[in-house]
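Please look over the sequence and the model below, and keep both in view while reading the paragraphs that follow them.

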Amino acid sequence: MNFRAIQAIYLFEMARTWRTLLQSIVSPVVSTSLYFVVFGAAIGSRITEVDGVSYGTFIVPGLVMLSVLTQSIANASFGIYFPKFVGTIYEILSAPVSYVEIVIGYVGAAATKSIILGLIILATAALFVPLHILHPWWMLTFLVLTAVTFSLFGFIIGIWADGFEKLQMIPMLIVTPLTFLGGSFYSVNMLPSGWRTITLLNPVVYLISGFRWSFYEIADVSVALSLGMTIGFLAICMTLVWWIFRTGYRLRN
Amino acid sequence: MLASPPIISVSNLSKTYGSGFKALNGINLDIRRGEIFALLGPNGAGKTTLISIICGIANLSEGSVSVGGHDINKDYRAARSLIGLVPQELHTDSFETVWATVSFSRGLFGKPKNPAHIEKVLKDLSLWDKKDSKIITLSGGMKRRVMIAKALSHEPQILFLDEPTAGVDVELRKGMWDVVRGLQASGVTIILTTHYIQEAEEMADRIGVINKGEIILVEDKAGLMQKLGKKHLKLYLQGKVDAIPASLAAYDLELSDDGRAVIYNYDTKGERTGITSLLSDLRDAGIRISDLDTTQSSLEDIFVSLVRAP
């Protein structure tokens, strides 16, 4: 293992995060606060409890996941797309590093950033609603797993994209709708049964459900299934990354 | 002297792109340890593709390459850690400082921190006073040197310079070549591509010409310079001559098609060019001259004739 290379890439990416602190951290926090004001205070006050918790409290895990998902993808896809775009990728490709090391460096930094962000949003939420976390370690496990999985997914998008439009396309057209329809703002059980079945095809449902369970022990699907689906998606992303480096797809051609 | 094994050995290397374009076709090339090798070729000849494959940026289609005895695929870590690459395009970060980006390169190549080495590299390249500047604020020539500093940060044994002096002013270019000579003196092997024939003449120990994905010539500079030493003196005549007078048969003369000029080929490296005696013999033969000019066959001419050959 070339640990120094992993460290170099990781620190390089984290330096980018600190340099762009305002847009990296502040803007997601502001937009999440807006969700709380609109959904939690304004609309939420007219909604009765969901599964035994107040609506404002209910949406917290979903909102954190919403940010972690989108930020993981955005960070990781940009992190690898940008060197491709400006050409500095030549150095990474010519260095004595394995693809595992490249991935750990880039994906690790992107995931770190979105985990920090998730925790900040959680802290912000605590200012608006009473928060209690029944299973903090499970909460962290789901947070880390999700951040890593979607950073990997973002990494794949960043390698696949050959223009800024494509970089935005998947997050905008697929991930955001899936997240909104994945039970961030409602319980899947509130839906009519037909819609409920369709919703269960959405992988984000399992992430949010598991994450919410670690807070309140309320879940749309069983925790084991949530965990299994998350790890399954992680495995799919890892396989894709392995294939990318094995074939040199969009990197060494 | 016993020949040491080549530091880079390319055998039967071919590269076909996904589009079906064959960029390299059966390349065989050995680079000797410690030499400066200049690779010349027109645009699209495959210079950059060849360098990219040796350095690990592009996959090869057929053949094999070994660097320092290590296969670039099977033993890529050992092979790549010997190489520093300065690509042709100015690919730099923007918001990092010079110090940070050069230190990053060293870490990427798995070398422990060594501020003293990086300080030396930056000083050698006259970048020391810019070490805390963001790269985006630097001029093109400075960015080029930052890229060289990155390549040297991990103390490579082989340095690839792809068009290193494009867009670099004369003063800087000299400084850069001083650095390259210093590197060679310390045992680094240097492979460069350039469009400036003078540079190849001045710097290289050997010269290779690549065209349409094939190596068409590899020769010691001395051998090439012999061909380059030829000069042509064209004498424009006041009148027309039908044939070169017998009294001038001793000179290597050609008569132009219209009979209004004679061309004298001579060797500038020779002890005597024979120009003085030719001019007096011409006068004695009653031939009057209205004008003259001289041309030298350059590496460029040789190069063009090689590349144009079917």
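Lys212(B) is partly exposed, because 15 other C-beta atoms lie within 10 Å, a count that falls between the 12 or fewer of an exposed residue and the 20 or more of a buried one. This lysine sits in the loop that links β9 (206–211) and β10 (214–220) of chain B, and in this predicted model its phi is near 45°, which is a positive value in a residue other than glycine. Such a value deserves a second look, because most residues other than glycine have a negative phi.

Another residue of chain B can be read in the same way. Asn12(B) also has a positive phi although it is not a glycine, here near 50°, but the place of Asn12(B) is in strand β1 of chain B. With 13 C-beta neighbours inside 10 Å, Asn12(B) is therefore classed as partly exposed.

From Asn12(B) we can move on to the strand that holds it and to the partners of that strand. Strand β1 (residues 8–16) of chain B pairs with strand β2 (residues 22–31) of chain B in the antiparallel sense, and six bridges join the two. Five residues lie between the strands of this hairpin, and among them Gly20(B) takes a positive phi near 100°. β1(B) also pairs with strand β4 (residues 62–67) of chain B, again in the antiparallel sense, over five bridges. Ser9(B) shows both pairings, since this residue stands opposite Asp30(B) in β2(B) and opposite Ser66(B) in β4(B).

Which order do the four strands of this open sheet follow? The order in chain B is β2-β1-β4-β5, and the pairing is antiparallel. The edges are taken by β2 and β5 (70–71) of chain B, each of which has a single partner strand, so one side of each is left without a neighbour in the sheet. As background, strands of a sheet pair through backbone hydrogen bonds, either parallel or antiparallel.

Further along chain B there is another antiparallel pair, in which seven bridges join strand β11 (residues 230–237) to β14(B). Within this pair, His232(B) has Thr295(B) in β14(B) as its bridge partner. Is strand β14 (residues 289–296) of chain B, with its eight residues, hardly covered or well covered? The strand is hardly covered, for the count of buried residues in β14(B) is zero.

Helix α3(B) gives the opposite picture, because nine of its 11 residues are buried, so this helix is largely enclosed by the rest of the structure. The buried residues include Val98(B), Phe104(B), Arg106(B) and Leu108(B). What do the buried residues of α3(B) pack against? Their neighbours come from both chains, namely α1 (3–19) and α4 (89–94) of chain A together with α4 (115–124) and α5 (140–152) of chain B. Just after the helix, Gly110(B) takes a positive phi of about 80°.

Since α3(B) packs against helices of chain A, it leads us to the place where the two chains touch. There, 28 residues of chain B are in contact with 20 residues of chain A. On the side that chain B contributes, α2 (76–80), β6 (83–86) and α3 (98–108) each supply at least two residues, and the largest share, four residues, comes from α3(B). By class, this side of chain B divides into 13 nonpolar, nine polar and six charged residues.

Within chain A, we can follow how two helices pack together. The axes of helix α5 (residues 99–128) and helix α6 (residues 136–160) of chain A come within 8 Å and cross at roughly 130°, and α5(A) and α6(A) are therefore oblique to each other. Their crossing is right-handed. The residues of α5(A) in this contact include Val103(A), Tyr106(A) and Ile115(A), while those of α6(A) include Leu143(A), Val148(A) and Phe155(A). The contact of the two helices has 12 nonpolar, four polar and no charged residues.

A last pair of residues shows how the chain brings separate parts of its sequence together. Thr112(A) lies in helix α5 of chain A, and with 19 C-beta neighbours inside 10 Å this residue counts as partly exposed, because a buried residue needs 20 or more. Thr112(A) and Val148(A) are 36 residues apart in sequence, and their C-alpha atoms are 8.4 Å apart in space.

Methods. Residues are numbered from 1 along each chain as its sequence is written. Chains are lettered from A and ligands numbered from 1 in the order in which they are written. This is a predicted model: local features need pLDDT of at least 70, side-chain atom pairs count only at pLDDT 80 or more; totals for chains, interfaces and linings use all residues. Axes are lines fitted to C-alpha atoms, for helices over the stretch in contact, and angles run from 0 to 180 degrees between N-to-C directions. Angles under 35 degrees count as roughly parallel, over 145 as roughly antiparallel, 65 to 115 as roughly perpendicular and the rest as oblique. A crossing is left-handed if the near helix is turned anticlockwise from the far one by less than a right angle, and right-handed if clockwise. Two residues are in contact if their C-beta atoms, placed from the backbone, lie within 7 Å. Ala, Val, Leu, Ile, Met, Phe, Trp, Tyr, Cys and Pro count as nonpolar, Asp, Glu, Lys and Arg as charged, and the others, Gly among them, as polar. Two strands pair if DSSP finds at least two bridges between them.
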